[in-house]
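Reader: I am new to this structure and would be grateful for a close look at a single part of it. Please choose one strand and describe its surroundings with care.

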Amino acid sequence: MQKTIEVKNLTKKYKTKKAVDHLSFSVLEGEILGLLGPNGSGKSTTINCILSLLHFDEGKITIFGKEMKPNAYTIKKEIGVVFQEVAVFDELTVIDNIDYFCGLYIKDKKIRKDYVMDAIKLVGLEEFTKYYPKQLSGGLLRRLNIACGISHKPKLIFFDEPTVAVDPQSRNNILDGIKTLREEGATIIYTTHYMEEVEQLCDRIIILDKGKVIASGTIDELKALSSIEEKISVEGIVLEKERIEEIRKWEYVEAVRYENSILVVTYKKGKNNLTDLMDYFREKKIEYNKIFSERPTLNDVFLELTGKELRDSYA
């Protein structure tokens with residue numbers, strides 16, 4: 001499979017601080033790559049460098065096998081960008097907004113008309129073509145933003161937090177649309193803080209921290225990096241402190257968290273953890289409403305790799 005993007009030794013400094021530190025990775029043709037990281041990890045700086053919106057200090061970026069530069073217009077016309085901030089014209093209707101952005105790339109009016117209608121159908125805005133942005137809900141407005149960014153049928157698309165603060169129906173519509181774009185041959189870079197979306201969409205994931213790749217691979221490969229083997233959650237349980245401390249001292253127990261009548265026990269390994277915990281509750285006559293076991297989620301892996309402390313955002 002060919003590489004759509006190749007980043008080699010990318011370095012970007014802000015005064016004395018390295019936002020991106022000798023970063024190298026590639027994006028394969030036709031895949032959805034999840035680019036993840038905590039605030040300040042360098043995601044935005046990396047994307048802006050790839051798009052030649054930022055000058056960088058070292059490194060080389062190639063897209064479609066050609067070096068990306070600020071004046072590389074033949075490359076840029078094949079790229080679509082959907083930023084987190086909605087950027088449409090309030091004085092234009094839905095269809096006129098999409099037509100305007102499509103017209104920046106597609107001059108043939110007949111082709112452009114077909115492309116605009118394809119974008120409208122993709123995001124489910126058929127009933128709203130004559131509406132103005134101020135008449136749309138937050139979810140519909142984000143769908144319009146996406147339609148404007150992909151209406152010219154780009155080969156490479158960047159999505160930055162496209163589902164922030166939208167209703168569940170719009171979120172499902174957006175995610176289904178992104179899958180359709182991939183099925184039609186687009187290569188996609190997807191950034192988000194919603195790990196369930198990453199698990200649903202992405203073929204491969206790169207996790208950045210402090211401007212470097214700290215982990216990459218498929219979802220299963222990343223989960224294999226976790227020190228957690230099993231997580232057991234118990235709901236509707238009342239526990240005394242001494243019982244919690246007893247459980248914390250058990251073999252293979254990695255951590256114990258108890259709040260709002262919910263107990264979460266994570267294990268490093270072990271085969272009969274659920275049975276042992278239930279037997280303990282039965283022996284101590286401890287009642288609970290619900291108990292279930294699960295493998296570590298991508299969110300668990302992400303927090304384990306990047307830490308749980310809050311971050312300030314600079315890149």
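Author: The following account concerns strand β7 and the elements around it. The model is a predicted one.

A few words on the whole chain will help to place the strand. The protein chain holds eleven helices and 14 strands. Its C-alpha trace spans about 75 × 50 × 35 Å along the principal axes. Of the 315 residues in the protein chain, 47% are buried. Among the contacts between residues at least 6 apart in sequence, 68% join residues at least 24 apart.

Strand β7 comprises residues 156-160. Is this strand enclosed or left open by the rest of the structure? Four of its five residues are buried, so β7 is largely enclosed. The cut-off behind this statement is a relative accessible area under 20%.

The strand belongs to an open sheet of six strands, arranged in the order β6-β7-β8-β3-β9-β10 with mixed pairing. The two edges of the sheet are β6 and β10 (212-217); each has a single partner strand, so one side of each is without a neighbour in the sheet. From one strand to the next, the twist averages 15°.

Which strands flank β7? On one side is β6 (residues 79-82), which pairs with β7 in the parallel sense over four bridges. Within this pairing, F159 of β7 stands opposite V82. On the other side is β8 (residues 187-191), which runs parallel to β7 and is joined to it by five bridges. Here the bridge partner of F159 is Y190 in β8. F159 thus takes part in the pairing with V82 and in the pairing with Y190.

Further along the sheet, β3 (residues 32-36) pairs with β9 (residues 204-209), again in the parallel sense and over four bridges. In that pair, L35 stands opposite I206 of β9.

Helices accompany these strands. Helix α6 (residues 168-183) forms a right-handed β-α-β unit together with β7 and β8. This helix lies across β3, β7 and β8, and its direction makes an angle of about 150° with β8. Helix α11 (residues 298-306) lies across β3, β9 and β10, running at about 30° to β9.

Another neighbour of β7 is helix α5 (residues 138-150). Its 13 residues reach 19 Å from the first C-alpha to the last, close to the 18 Å expected at 1.5 Å a residue. Helix α5 is mostly covered, since eleven of its 13 residues are buried. Among them are L140, L144, I146, C148 and I150, together with R142, R143 and N145. The buried residues of α5 pack against β7, and also against β6, α3 (94-103), α4 (109-123) and α6.

Between α5 and β7 runs a loop that contains K153. Although K153 is not a glycine, it has a positive phi of about 55°. This deserves remark, because most residues other than glycine have a negative phi. With a relative accessibility of 37%, K153 counts as partly exposed. A positive phi of about 75° is found at Y252, likewise not a glycine. Y252 lies in the loop between α9 (241-248) and β12 (253-259), and at 32% relative accessibility it counts as partly exposed.

Helix α4, one of the elements against which α5 packs, contains I111. The relative accessible area of I111 is 39%, which makes this residue partly exposed. I111 and H152 are 41 residues apart along the chain, and their C-alpha atoms are separated by 9.7 Å.

The interior around β7 can now be considered. In soluble globular proteins, nonpolar side chains tend to be buried together. The largest nonpolar core of this model has 44 residues, and F159 is among those with the most contacts inside it, along with I98, I150, I188, Y190 and I205. Helix α5 supplies the largest share of this core, six residues. Apart from this core lies another, of 25 residues, including L10, L33, I75 and L208.

I205, one of the residues with the most contacts inside the largest core, touches residues including L33, V198, A215, I219, L222 and L298, leaving aside those up to four places away in sequence.

In summary, β7 is largely enclosed, pairs with β6 and β8, and contributes F159 to the largest nonpolar core.

How values were computed: Residues numbered from 1 in each chain as written. Predicted model: local features only at pLDDT ≥ 70, side-chain atom pairs only at ≥ 80, totals over all residues. Heavy atoms only, no water. Buried < 20%, exposed > 50% of the residue type's maximum accessible area, 1.4 Å probe, protein only. Pairing = 2+ DSSP bridges. Right-handed = clockwise from strand over helix to strand, strands pointing away. Expected span 1.5 Å × (residues − 1). Contact = heavy atoms within 4.5 Å. Core = buried A, V, L, I, M, F, W, Y, C linked by side-chain atoms within 4.5 Å. Axes fitted to C-alpha atoms, helices over the stretch in contact; angles between N-to-C directions.
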